[in-house]
Amino acid sequence: MSGSGQAKQYIAFEVGDEIYAVDVMLVESIERMSQITRVPHSPFEVLGVINLRGDVIPVMSARRMLGYEEKPADDATRVAIVQHDEYRVGVIVDRVTEILSIPQDRVQWGVEALGGKRKVVISGLINLQDKPVMIMDIPRTLESLLN
Amino acid sequence: MQVLVLSQRIGGVNLMDNAQYMELFIEESKEHLQSLNNNLLVLEQQPDNAEVINEIFRSAHTLKGMAGSMGFKFMANLAHGMENVLDRIRKGNMAVDVNIMDALFEALDVLEGLLQGIIQSGTESPLDISGIEAKLQGFVSGAGREDLDRSRRKPDDKGLSLDEHHLHVMDEAVKDGFTPYYIEVKLKESCLMKAARAFIIFKAVENFGHIIYSHPSAQDIEEEKFDLSFSVVAVCKAELDTLRKELDSISEIEGIDIRELQLDDVQSHSQSKKPKSQGASQGADKAAAPEVKDRLSRTAGRSIRVDIERLDRLMNLVSELIIVKNRIQDLQRYGDAAAMAESVEYLGRVTGELHDAVMKVRMIPIQVVFERFPRTVRDLARSTGKEVKLNITGAQTEVDRTIVDEIGEPLIHLIRNAIDHGIELPQERIALGKPPAGLVEIKAYHDGDNVVIEVSDDGRGIDTDRVLSRAIQQNLVSPEEAENLSRQEILQFIFEAGFSTAEKVTDISGRGVGMDVVKTKIESMGGVVDTDSQPNKGTRFIIRLPLTLSIIQALLVSIGQEVYAIPIGSIKEILEVFAGDIKVVHQKEFFDYRGLLIPFLQLAKVLECPDQVTSDGPVTAVIVKKGERLAALSVNGLIGQQDIVIKPLGKALSKIKIVSGATILGDGRVVLILDVNHLI
């Protein structure tokens, strides 16, 4: 996959004051925040479940996944519904900014310098317009946090 | 025509079509394999049953055709091999014996394996079928010589065996002005490509009409499985001479014999002599009619294929309706107009009826599952050297589609156990004064809102002493505690993980995994399994499953600021509990429920509620039951009873056992459904 000059589309969003990106192919939709029902005994990152047009979907906090402090939802808060394998999960982010076209050969894959949880969640790094964008590995994240 | 060209131009269309055919192919192949299985079992019992042989032949033939058109070479070849063997049997050239039955069963298993491979990967996995193919071929070539001898001895017979269908076609053709011909062709010995030459002859005949029968079969001729001569019956709109002239012009032919067929002439071969032409063919019609009708009714009664996804969508619509109903119910509290109550009542009735209707569509006879069992029992009986009779009752009992998909595996497990551990060897049984053949009974019936499935045997029963000593050995119970256990309680140990009393690990069961898997599976469907066993009388397993899986009645309770749903089915009673009724034993709270100490669980604590409400007064407790076991769950308030639609939480939260799913209330809020089985 690497080495080719092909660009892939990513959805960029903000958590804290940093920019993260998720492969657009994994994102089913972007939703506004809705009421969350807490689920007892669920993993730390899972805030609960929401009603998505009649389906019950678990939602995870990107802040908790990335090691930020929790912050109350506001008008900009969005839920990105992501799909991987049999998982269908909402990821709560501070703000969705844009769709990025990321040339795959410019991504620095395998960011060893990251510590803790980020090591699992982040799979690559790229500098776009002087701002670093961290690429999230949704399949790996879901499999490691939910198992 | 236009459409055809168009579909060829658009690249994606073909792919989609293929996927569509694939689904159809898989469904139909499954049906044919099942029917093959059933009919082979019948054939084994009644080797002379011509109808069954024909049925089997038809299934194999259809399978061959379907697999061939999908490009599944191995399946097609194997089905063809079976077809050849069956054809010999059908024509009375070969008698059914054990070897043939075994080979046919083996071929069937390989076909099933191939189909499974196709289901999983979409393509045919290169399974080695040469062994079984050769085995089948062996029967055919052995019998083939015999066949040839026969036709030499009786040149008049010419291997012509037309069935009712052929006669009917011929009769119809005659009415439409066609003439039936019998054509026998002998090729020159020097002919190099017999199949190609035969093809040219077929083509030539087809220029004038249709070939309705050939001997050997068209497939055999195509594969050069014939000597030098072959014969066909064709209906043509041409004079005999024209036909002869046309055929004579084809080279490499030694000789051609063409003659016009008289209908009664043909019938004399297939049936006993009957009066002249018209009357005879009508007779044939009448004979054929009931058979066709019978076959039609069998097909119609069997199944209507409905895409489960479509049904699920319908199900979702119903859930939507119920959500609306709940919303109106909420409004009612504030508005309390009489009209409102009336409309709620009406809506309630509509949703109820709709629910019933949809459930009925989802319901299918459990026969689909039971159909596999005669074969399982046969194979198990053979491999264990036991004699086993299988008795199935209530196969028509309808159950939810989900249950049908899931219940097969646990039932097979119970049957294996019954035969492997339960039923004794024939000598042993005779010594015990039992009939030599053991009996395995499977029963299904409706009981209220439940479906009950029983699996019982008349074997040696479960040795409770051995179960108990094994339980002590595995530290499932202390020797002291063991003294006070009832027979029923001891039997529960067999459902513990890793428990097995089998002395030796056999091929069939007794690997120590099993009963716990059965239990888990049934519980995951919201059911319970119980057992009952008498020494030397036998063992019985009783499985109780809910009739519907998607909509349940539940009690909504508040715990702190949160709302949870508890299924009504698991609630025994609701009462007020005072502090004095609670006893603490080993740091655990117990409630004195009419002289019985049952666990008392503060749900707010168990569910780790963030804002726990404490009060000094009496608390509300919901007494829940799990089989025979009871527990008291303390809640902060009761909200009411509702029909709720169960929504799965999905894979992400599948690890959380105390919650079995969620539901959506009228205001759109998600409420979790507590799984009592895992709370206590």
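These are my notebook entries on aromatic rings and the charges over them in a predicted model.

Entry, conventions. I number residues from 1 along each chain as its sequence is written, and chains are lettered from A in the order in which they are written. Because I work with a predicted model, I accept local features at pLDDT of at least 70 and side-chain atom pairs at pLDDT 80 or more, while totals for chains, interfaces and linings use all residues, and side-chain values rest on heavy atoms, without hydrogens and water.

Entry, aromatic pairs. I looked up pairs of Phe, Tyr and Trp rings (centres within 6.5 Å; Trp by its six-membered ring; planes under 30 degrees apart stacked, over 60 edge-to-face, the rest tilted), and I found six over all chains. One of them joins F13(A) and Y20(A), which I note as stacked because the centres are 6.3 Å apart and the planes stand at 25 degrees. I then checked burial (buried under 20% relative accessible area, exposed over 50%, partly exposed in between; 1.4 Å probe, protein chains only): F13(A) is buried at 3%, and Y20(A) is buried at 0%.

In chain B I looked up F495(B) and F541(B), an edge-to-face pair with 6.3 Å between centres and 80 degrees between planes. F495(B) lies in the loop between α21 (487-491) and α22 (515-524) and F541(B) in strand β11 (residues 538-546), so the pair ties together parts 46 residues apart in sequence; helices (H or I, at least four residues) and strands (E, at least two) are DSSP runs numbered from the N terminus. F495(B) is buried at 5%, and F541(B) is buried at 7%.

Entry, charges over rings. I applied the criterion of NZ of Lys or CZ of Arg within 6 Å of the ring centre and within 35 degrees of the ring normal. The charged end of R64(A) sits over the ring of F44(A), 4.5 Å from its centre, and that of K73(B) over the ring of F74(B), at 5.5 Å from the centre.
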